[in-house]
Amino acid sequence: MFVLELTYTAPLERADALMDAHIAWVDRLFDEGVFIASGRKNPRDGGIILAVGDDRARMEELVAADPFTAGGVCAYRITEFTATRTAPELAPYRQQPLN
């Protein structure tokens, strides 16, 4: 599982200009089952996405395809973790530790 943290690197006006395309990208990945939660950070200096996947390289490809990335308005920090405990509703996403 991955936490995708984006931080704006340009003024909000530039991010807002790309927001519709970004939301369409986010929606597509929710539909594909890759994203399971997302939202703006508070204060509004970026956002957080919780993503499901086994391949960091695939997450890097997805992030590169975000219109925010292509438009040069944000930088991503990708954090991989093993979800060994979850709320009951997220049980399908639980993972066994590798060690």
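Six salt bridges turn up when the whole of this predicted model is searched. Side chains of opposite charge can pair when their charged atoms come close. Let's visit some of these pairs one at a time.

Start with arginine 44 and aspartate 16, whose side chains meet in a salt bridge with an N to O distance of 2.5 Å. This pair ties together distant parts of the chain, since the two residues are 28 residues apart. Arginine 44 sits in the loop between S2 and S3, while aspartate 16 belongs to helix H1, residues 12–17. How open are the two partners to their surroundings? Arginine 44 has a relative accessible area of 26%, so it is partly exposed. Aspartate 16 is also partly exposed, because its relative accessibility is 38%.

Next, look for lysine 41 and aspartate 45, whose side chains form a salt bridge at 3.5 Å, N to O. Is lysine 41 buried or exposed? With a relative accessibility of 16%, lysine 41 counts as buried, because the cut-off for that word is under 20%. Its partner aspartate 45, at 36%, counts as partly exposed.

Now move on to helix H3, which spans residues 56–64. Here arginine 58 makes a salt bridge with glutamate 61, and their closest N and O atoms are 3.8 Å apart. Why are these two separated by about one helical turn? Because they stand three residues apart in that helix. Arginine 58 is partly exposed, at 35% relative accessibility. Elsewhere, salt bridges with shared partners join Glu5, Lys41 and Asp45 into one network, so the lysine 41 and aspartate 45 you have just met appear again there, together with Glu5.

From the charged pairs, let's turn to the pocket. The largest pocket has a volume of about 170 Å³. Which elements give two or more residues to its lining? They are strand S1 (2–8), helix H2 (19–31), strand S2 (35–40) and strand S3 (46–51). In total, 14 residues line this pocket. To find its centre in the structure, look for His22, Ile23, Gly39, Arg40 and Gly47, which lie nearest to that point. What kinds of residue make up the lining? Eight are nonpolar, five are polar and one is charged.

Key: Residues numbered from 1 in each chain as written. Predicted model: local features only at pLDDT ≥ 70, side-chain atom pairs only at ≥ 80, totals over all residues. Heavy atoms only, no water. 1 Å grid on protein atoms, 1.4 Å probe; cavity = no way out; pocket = protein on both sides within 12 Å on 5 of 7 lines; lining within 4 Å. Points joined across faces, edges and corners; volume = space filled by probe spheres on them. Helix = DSSP H or I, 4+ residues; strand = E, 2+ residues; numbered from the N terminus. Nonpolar A, V, L, I, M, F, W, Y, C, P; charged D, E, K, R; others polar. Salt bridge = Lys/Arg side-chain N within 4 Å of Asp/Glu carboxyl O. Buried < 20%, exposed > 50% of the residue type's maximum accessible area, 1.4 Å probe, protein only.
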